[in-house]
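Here is a walk through one protein, starting from its inside. Keep the sequence and the structure in view as you read.

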Amino acid sequence: MTPTALASRLAATAAAIAVAAAALTGCAPSAPKPSAAPHTAAATPTASSPSAAPTAAPSVGTSATATGASVDVYAQPDGAVVSTLANPIPSGAPLTFLVDTASGPWLKVGLAQRPNGSTGWVKADSVVLHSLSYSLTASTVANTLSLYRDGALVKTYSAATGTGDTPTPHGSFYVTELLAPTNEGYGPYAFGLSAFSDVLNSFGGGPGQIGLHGTDDAASIGRAVSHGCIRLANADITELAGILPLGTPITIE
């Protein structure tokens, strides 16, 4: 997809994201200037047959997007409120969850907070649900990121992941936001993930959130060199920016 075509698609949606990405672990420590980057879906990239492709795809699920100014999170259905989350989130992105379980008027959802893997319950009438076709699997051994659609492998990208001292955390996570940083280091786009570094409690003024982003250091791709973030070539992150909706599940292994 050409930059012009992607820009046209991005301009067609109302979910604008404008935020500094300094909180993302493994990104450049200087804060980027905010830049509007609306999100949408685009054409599926051409399939490839990489030698290091994972053999199984994570489950494709359902995202839940807040409809009001905030969402109460409960410890259990009809239980105590443990937190109230603002919509939109600080980046300007709509508050989005990945649904784990549905139980009558209640949804168990993943939470983008420490510790990794946190969940809570929200009322179903406080969100709108969206079916998800795409999912991702990242390998910190092969330094790859694989894109699936409806469980079928579409394409595998070469990636950079965390070092031995600042590893990319393993587990099941989801995409929380799309950023368009304009300073050097991040590339043209960065997705925030619900994952947080296991060793860095703060980074660049933020909480050590893990990102999936481009890079100005093309030589780092395919290596274990980051502070925990997953880096892609700029053309590859641009491709994904036109495809992946918020809530897209990502398994890091």
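Begin with the largest nonpolar core, which has 45 residues. Phe97, Leu212 and Ile250 touch the most other members of this core. Among the strands, β12 (residues 171-179) gives the most to the core, with four residues. Bear in mind that this is a predicted model.

Now take Phe97 by itself. Leaving out residues up to four places away in sequence, Phe97 touches a long list of partners. Among them are Thr62, Ser63, Ala64, Val71 and Leu85. Val109, Gly110 and Leu111 are also on the list, and so is Tyr174.

Step to Thr96. This residue sits in strand β5 (residues 96-103). Is Thr96 buried or exposed? Its relative accessible area is 5%, under the 20% cut-off, so Thr96 counts as buried. Beyond its neighbours within four places in sequence, Thr96 is in contact with Ser63, Ala64, Thr65, Tyr174, Leu246 and Gly247. Ser63, Ala64 and Tyr174 are among the residues that Phe97 touches. A polar atom of the Thr96 side chain also lies 3.0 Å from the backbone oxygen of Pro94. From Thr96 to Leu111 the C-alpha atoms are 9.1 Å apart, with the two positions 15 residues apart in sequence numbering.

Step back to the whole chain. The protein has two helices and 17 strands. It counts 253 residues, and 49% of them are buried. About 10,500 Å² is exposed, and carbon and sulfur atoms supply 53% of that area. Look also at contacts between residues at least 6 apart in sequence: 65% of these join residues at least 24 apart.

Two side-chain pairs show such links one by one. The first topic is aromatic rings. A pair of rings is described by the distance of the centres and the angle of the planes. The count here is one aromatic pair. Tyr74 and Trp106 form it, with 4.9 Å from centre to centre and 85° between the planes. That angle is over 60 degrees, so the pair is edge-to-face. Tyr74 belongs to strand β3 (residues 70-74) and Trp106 to strand β6 (residues 106-110). The two are 32 residues apart, and the pair links distant parts of the chain. Both rings belong to buried residues.

The next topic is charge. How many salt bridges does a search of the whole structure find? It finds one. The side chains of Glu239 and Lys155 meet there, at 3.2 Å from N to O. Glu239 lies in helix α2 (residues 234-241) and Lys155 in strand β11 (residues 152-162), so the salt bridge ties together parts 84 residues apart in sequence. Glu239 is partly exposed, at 23% relative accessible area.

Finally, look at the backbone. The peptide bond between Asn87 and Pro88 is cis, with omega about 0°. Pro88 is in the loop between β4 (81-86) and β5. Another cis bond runs from Arg114 to Pro115, with omega near -10°. Pro115 is in the loop between β6 and β7 (119-123).

Positive phi values turn up as well. Asp78, in the loop between β3 and β4, has phi near 65°. Asn143, in the loop between β9 (134-139) and β10, has phi of about 55°. Neither Asp78 nor Asn143 is a glycine. Their surroundings contrast: Asp78 is exposed, at 69% relative accessibility, whereas Asn143 is buried, at 8%.

Note on methods. Residues numbered from 1 in each chain as written. Predicted model: local features only at pLDDT ≥ 70, side-chain atom pairs only at ≥ 80, totals over all residues. Heavy atoms only, no water. Phe/Tyr/Trp six-rings, centres within 6.5 Å; stacked < 30°, edge-to-face > 60°. Buried < 20%, exposed > 50% of the residue type's maximum accessible area, 1.4 Å probe, protein only. Salt bridge = Lys/Arg side-chain N within 4 Å of Asp/Glu carboxyl O. Contact = heavy atoms within 4.5 Å. Areas by Shrake-Rupley, 256 points an atom, 1.4 Å probe, with all protein chains shown as cover. Core = buried A, V, L, I, M, F, W, Y, C linked by side-chain atoms within 4.5 Å. Polar contact = N/O pair within 3.5 Å; in protein donor to acceptor, adjacent residues only side chain to side chain.
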